[in-house]
Amino acid sequence: MRRLSSRWSELESHYSVVVVGSGYGGAITASRLARAGRQVCVLERGRELQPGDYPRTEADFAKEFQIHLEAESGVDLGRSTALFELHRGGDVAVVTGCGLGGTSLINAGVTLRPDPRVFQDARWPEALRADVPGLIEDGFTWAERMLRPTPYPESSPPLASLEAMERAARHLGGTFRRPPLAVSFEGGVNEAGVRQGACTLCGDCLTGCNQGSKNSVLMNYLPDAHRHGAKLFTEVGVRYLARDGGRWRIYYRPMNSGRERFEAPDPWVTADMVVLAAGTMGTAEILLRSRALGLPLSGMLGQRFSANGDVMAFGYNTDVPINGVGHGTHPAEGREPVGPTISGIIDARATSRQEDGMVIENGAMPGAFGRPMLGLLAAAAAVGGEDTDEGLKDKLEELARVAESAVRGPYHGAMRHTQTFLVMSHDAGVGELRLEGDRVRVNWPDVGTQPELARVDSRLREATAALGGTFVRNPLWNRLTGHEVLCTHPLGGCVMAEDASAGVVDHEGRVFSREEGTEVHDGLYVSDGSVIPRPLGTNPLFTLSAVAERCAALMAKRHGWTIDYTPATEEPDVGARVPVGVRFTETMYGSISGAVEENSLVAGDPKRIDATHLRFIVTVETLDLERTLEDPLHPLGLSGVVEALSLSPRPLTVERGELHLMTREAARPGGRRMHYQLPLVAESGERFFLDGYKDVHDDAGFDLWVDTTRLLVSVHRGNDASGPCIARGLLRLNAKDFAVQLSTLRVPSARDTSRRLSTLLRFGRFFFGALYDTYVRKAA
């Protein structure tokens, strides 16, 4: 499968539609509006990970884990674009996915409709409730075609975990069934024209599917959007929005670029329409920042947060084998199948009082979790576990299995006999998302003491007893932590409502522009889990998808666009070659003046009375180093900002800049040239073009340092160098900043250390080889 994301330097300054986030809401919106002929740009904070890139080992997982602690500590651990994101520091710990595809990359793909009573709740706007048989039903149908849910096939190998769940269901009296899963159990081409392999039953769904068989939105809606012209940009963290006349200005921060080491201001992009789909936590965070900076919004922003009644617990060391640990690095051949993460459910939603209902699902731990969970569960069982069966013989067998796990690892003994339980139920939905420091936190005192959660706790203890195991609660749910809840399905915070006094968006997802009333911001939407006004009592992905499909359909109808729902044909084979690129960030600064008749050295003298300061911070990148080096111009993309008060009081954004690195084009005989071309856009809309070069040539004396750190520039009005020259000058790079620049050198798409090092070596050989040829070999 081809990579979908574009390099930052291809990001234009304006789009018809900017979608922030790429989970279910963002991917669906991008696909449908691109199919409607809109110019769509998707901004995703995480990275693009393809099958084969996801963690398999404990060390891999550690690199893909980020955690935000209490605001007072100001501590964020892990890479800011790591796949797993844990929000702590509030009353609810929230786990979300960070990557192109959002949380769909790390969920279990359970595609269940909610209890019909959910949509009858008066917390939904009346227009949506009336539309359940209409566009909501259409939304389920459209999403079903793309996500292709199917239950675990009866013809597939038996799963020990599934059999154990059926045994527990008989004990509990609930309805046991195999839920529809967004997983491909047979290979083939999907609705988006993407060929997928068949599930290998490895059990590693929660750390990302390396076989490409899980139907995350990376495998359908996002490639569909890409094929219909949408541009997808990863590692772009949106900070806040501002209204600018008849358009929206979106300020963002490139991630993992090293720009923060140069204290670079945030660049921006403008749009006629913005759809926030950054997930419940991300969308609320962006809007809370925006409101703090003056954007008028409903006072309900952040309110009515729900954890969807999520509960996780374990039936540890049961009397029956479970095989509940994924294969990880072990090949599937010759091993007992684990299955997809979830293969069976006990559906206990048919209660007279809806809030008493719940869905209990089995779960598989990914192989990367196996060994860490071995010690954690053994300790938790010893300290706070409840053994549900008795007898000396049973006790000795349990101790023997614990010892076997300790000696032989997580695929044996007590761990092989451990069932993971995942529950979706109901809660009061009265949490609040607050911006504390620079992060959103959940404020919900006593959330863990709700009677609904105590009811779930009791049912899971019964399910464990049916298997003869030791009941182990989520380790966070205890008196010492205030019964902190672990949530994997956050909902609300920007809920739908009739007006701004009750919610943040209307039934179409349009954002209210006042604290009261029904007036909305023109062209500002929310389409993700944050708009859901109540817990769903089941896995939310199917409901989110249907609501997002409806939102996109209403956008199109309101603007007179037509969405083409025709299935795509198979994508052509792009070959086995996987390109690898490099990225680094550079800053240079100096002076310019209006003395355009002078050469740049004279015009850029900082002692001139008309000299003014200019600084740029640009990220230099290529996604395909080999192709760049094969081209005689050696072109790399440039993105970033320029600070020049003589041009604009606010930083200017670089749009589709380019660097020709160590090219012989236009260079003096025997030398090289580094040619910088920076089209600039001011917030006022004015356009400038900065044209600069470094003349790399062996003149008298030792001039290598000067040649490689001195940039002679001309500034033109307009889109390119054909416009009138309005300034010339000289920019330099000092030794300290050069050292920082070297520290920002990255190989973002390399899958392993060997590939990363070989790419860095290849780039170094080219750059320093060109210097050697110019200054050493010539002199010799």
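# Sheets, charges and cysteines in a predicted model

Me: This is a predicted model, so let's start with the open sheet of five strands: in what order do they come?
Reply: The pairing in this sheet is mixed. Strand 4 (76-77) and strand 22 (485-487) stand at the edges with a single partner strand each, so one side of each is left without a neighbour in the sheet. Reading across, the order is 4-3-5-6-22.

Me: How do strand 3 and strand 5 run, parallel or antiparallel?
Reply: Strands of a sheet pair through backbone hydrogen bonds, and either sense can occur. Here, four bridges join strand 3 (residues 65-68) to strand 5 (residues 84-87). I67 stands opposite L86 in strand 5. The two strands run parallel.

Me: Staying with that sheet, is T96 buried or exposed?
Reply: T96 is found in strand 6 (residues 92-97). Its contacts beyond the close sequence neighbours include L83, F84, M281 and P490. With a relative accessible area of 12%, against a cut-off of under 20%, T96 counts as buried.

Me: Which residues of strand 15 sit on each side, and are they buried or exposed?
Reply: In a regular strand the side chains alternate between the two faces of the sheet. In strand 15 (residues 345-348), I345 and D347 are on one side, with I346 and A348 on the other. Both faces are covered, and these four residues are all buried.

Me: Which residue in strand 16 stands opposite A348?
Reply: Strand 15 pairs with strand 7 (residues 175-177) in the antiparallel sense over three bridges, where T175 has D347 as its bridge partner. Strand 15 also pairs with strand 16 (residues 358-363), antiparallel again, over four bridges. In that second pairing, the residue opposite A348 is M358.

Me: On to the aromatics: how are the rings of Y240 and Y251 arranged?
Reply: They make one of the 14 aromatic pairs in the structure. The ring centres are 4.6 Å apart and the planes meet at 20°, so the pair is stacked. It links Y240 in strand 11 (residues 236-244) to Y251 in strand 12 (residues 247-254), 11 residues apart. Both tyrosines are buried, and the arrangement of their rings is stacked.

Me: Which ring does the charged end of R249 sit over?
Reply: R249 is in strand 12 and also forms a salt bridge with E683, the closest N and O atoms being 4.0 Å apart. That bridge spans 434 residues, as E683 is in the loop between strand 29 (672-681) and strand 30 (687-696). Both R249 and E683 are buried. The charged end of R249 lies 4.3 Å from the centre of the ring in question, that of W268.

Me: And which ring face does R335 lie over?
Reply: R335 is at 4.7 Å from the ring centre. The ring belongs to Y411.

Me: How far apart in sequence are E10 and K231, which share a salt bridge?
Reply: Side chains of opposite charge can pair when their charged atoms come close. For E10 and K231, the N to O distance is 3.5 Å. E10 is partly exposed at 21% relative accessibility, and K231 is partly exposed at 33%. E10 lies in the segment before strand 1 (14-20) and K231 in strand 10 (residues 231-233), so the pair ties together parts whose separation in sequence is 221 residues.

Me: Which salt-bridge partner does R514 have?
Reply: R514 is partly exposed, with 42% relative accessibility, and its partner is partly exposed too, at 47%. The closest N and O atoms of the two are 3.9 Å apart. The partner is E519.

Me: How many salt bridges does the structure hold?
Reply: Some of the charged residues join up in a network: D76, R239, E285, R289, D438 and R439 are linked this way. Counted over the structure, the number of salt bridges is 51.

Me: Last one, the cysteines: how many disulfides are there?
Reply: A disulfide is a covalent bond between the sulfur atoms of two cysteines. C205 is buried at 9% relative accessibility, and its sulfur is 6.0 Å from the closest cysteine sulfur, in C199, too far for a bond. C551 is in no disulfide either, the nearest cysteine sulfur, that of C494, being 13 Å away. The number of disulfides in the structure is zero.

Definitions and conventions:
Residues are numbered from 1 along each chain as its sequence is written. This is a predicted model: local features need pLDDT of at least 70, side-chain atom pairs count only at pLDDT 80 or more; totals for chains, interfaces and linings use all residues. Side-chain values use heavy atoms; hydrogens and water are left out. Buried means under 20% relative accessible area, exposed over 50%, partly exposed in between (1.4 Å probe, protein chains only). Contact means heavy atoms within 4.5 Å. Two strands pair if DSSP finds at least two bridges between them. Rings of Phe, Tyr and Trp (its six-membered ring) pair if their centres lie within 6.5 Å; planes under 30 degrees apart count as stacked, over 60 as edge-to-face and the rest as tilted. A charge sits over a ring if NZ of Lys or CZ of Arg is within 6 Å of the ring centre and within 35 degrees of the ring normal. A salt bridge is a side-chain nitrogen of Lys or Arg within 4 Å of a carboxyl oxygen of Asp or Glu. A disulfide is a pair of cysteine sulfur atoms within 2.5 Å. Lists of a residue's contacts leave out its neighbours within four places in sequence.
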